[in-house]
Amino acid sequence: MKKSAVWHLLRRNISKAQLIGYSVANLIGLCIVISAIQLYSDVSSVWDDEDSFISRDYLILSKQVSGLGSILSGDPAAFSPDDLEELKAQKWVRRVGEFTASNFGVGASVEMGGRGMNTAMFLEAIPDEFFDVKPRQWQFIPGESQTVPIIISKEYLSLYNFGFAASRGLPQISESMIGMVPLKLSISGNGRQQWMPAKIVGFSSRLNTIAVPEAFMEWANANFSDRPQPDPSRIIVETNSPGDPAIEQYLREHHLEAAGDKVDNGRAAYFLAVVTAAVVGVGVIISLLAFFILLLSIYLLLQKNREKLRQLMTLGYSPAAVARNYYIIVGSNNGAVLVGAVIAMLVAKHFWSAPLGNIGVDPAAPWWSIGVGTAIMALITAGNIAAIARNIRKTFPRP
């Protein structure tokens, strides 16, 4: 009986236009927020793909060589220990790996289609955690292993198939077949020479090099080199804030070059993050404005019905009984807004999933966006309820 009387009073005096305005504004704001988060999740999922156009986490750096380079000075463009310590101290650097170059003579011999080829080559090694491929055969134990595993850049295979092989009438080779090619390495230096069988076990999209395990490089440098190991001429840097303007500024000030277009790709990722943050910020502002619209509407309604509600409380209605009806309106309204926003986000996701799929992007699941939307509406609802309770207690204190 008490509930129906208060509900009848509230329903007759509440402004439906204000509630509709609040609902529409809140719906628009929440749609913007969760749709932007979902789109960001869908697009950023491509960052885990090393072949992606927006692969973002690694930079391969070298010092710029200008003029006559080291011809006159005799000093190669290498990274000193102080250079590495300064780089590691940068906020955008997560970790740094050094390229260890072969400090001995390396040659390769291969026979294909009845033809033999010999060439001088180079070898490098980096810590295993910086590789984008993890082949099972990637290990070398000095004194036990008979074959040297090698990882090469995918670009090298393309250059061979569509450049060298095509011009020489040699057979083209697929990635799956190249491991069967008989390859031998000639390692020489310090008055010694040794031939060792080798095998290409993987292809890297990240590293433009001919890589061998660090264990092999340490063993070979120790046994075939009569010179001290030079400072690294190339390093690989894992960043924790791709596209950060500080990266480009640091490279420019220290005369460093990044291989390929990694800096531009990182800038694209940074731009995406900034745009998403701006869009989410607009949505949050709209939702906050809607929140205050509802509070203002309820406050005006309380003031409008101040005398009638005071009479109801004089007759025995508690502030909690009066506030409960406002809670129901706010909760049901916010629940409907959440459902509507989620439906709108899923519809939008359906439309952009096809274009993203055409460029090889696998959309992410919507649960994160739905969770964020639910959390936002829960906070807004809690704020509404707290404000209603405070206003009612302030306006109608207990005797």
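**Entry 1: the four-stranded sheet**

I began with the open sheet of four strands in this predicted model, and I noted its order as β2-β11-β1-β12, with antiparallel pairing. I marked β2 (93-98) and β12 (256-258) as the edge strands, since each pairs on one side only. Between neighbouring strands of this sheet I read an average turn of 30°, direction ignored.

I then went through the pairings one by one. Five bridges join β2 to β11, and these two strands run antiparallel; within this pair I found E98 with I235 of β11 as its bridge partner. β1 and β11 also pair in the antiparallel sense, over five bridges, and here Y58 has E238 in β11 as its bridge partner. For β1 (residues 58-63) and β12 I recorded three bridges, again in the antiparallel sense, with K63 standing opposite L256 in β12.

**Entry 2: strand β11 and the helices across the sheet**

How many of the six residues of β11 are buried? I found six of the six, so the strand is largely enclosed by the rest of the structure. I kept in mind that in a regular strand the side chains alternate between the two faces of the sheet. Looking at each face of β11 in turn, I listed R234, I236 and E238 on one side and I235, V237 and T239 on the other, and all of these are buried, which leaves both faces covered.

Next I looked for helices that lie across this sheet. Helix α4 (residues 81-88) lies across β1, β2 and β11 (234-239), and I noted that it runs at about 155° to β2. Helix α8 (residues 245-253) lies across β1, β11 and β12, running at about 130° to β12.

**Entry 3: helix α7**

In helix α7 (residues 214-224) I listed F216, M217, W219, A220, N221 and F224 as buried. An α-helix has 3.6 residues a turn, so residues three or four places apart point the same way. Against which strands do the buried residues of α7 pack? I found β3 (100-101), β6 (124-125), β7 (148-153), β8 (183-189) and β9 (192-204).

**Entry 4: S109**

I looked up S109 in strand β4 (residues 105-112). Is S109 buried or exposed? Its relative accessible area is 19%, and because the limit for buried is under 20%, I entered S109 as buried. Its side chain makes a polar contact of 3.2 Å with the side chain of N118. Leaving aside residues up to four places away in sequence, I found that S109 touches M117, N118, P182, L183, K184 and W195.

**Entry 5: the whole chain and its confidence**

I counted twelve helices and twelve strands in the protein chain, and buried residues make up 42% of its 399 residues. Among contacts between residues at least 6 apart in sequence, 81% join residues at least 24 apart. The chain exposes about 21600 Å², of which carbon and sulfur atoms supply 60%.

The average pLDDT of the chain is 77, and 75% of the residues score at least 70. Confidence is highest in β6, at 91, and lowest in helix α3 (residues 70-73), at a mean of 48. I flagged residues 69-74, where pLDDT stays under 50 and the model has two contacts beyond four places in sequence. I also flagged residues 50-55, where pLDDT again stays under 50, although the model has 17 such contacts there. Where pLDDT is low, the predicted coordinates should not be read in detail.

Note on methods:
Residues numbered from 1 in each chain as written. Predicted model: local features only at pLDDT ≥ 70, side-chain atom pairs only at ≥ 80, totals over all residues. Heavy atoms only, no water. Pairing = 2+ DSSP bridges. Axes fitted to C-alpha atoms, helices over the stretch in contact; angles between N-to-C directions. Contact = heavy atoms within 4.5 Å. Buried < 20%, exposed > 50% of the residue type's maximum accessible area, 1.4 Å probe, protein only. pLDDT = per-residue confidence, 0-100. Polar contact = N/O pair within 3.5 Å; in protein donor to acceptor, adjacent residues only side chain to side chain. Areas by Shrake-Rupley, 256 points an atom, 1.4 Å probe, with all protein chains shown as cover.
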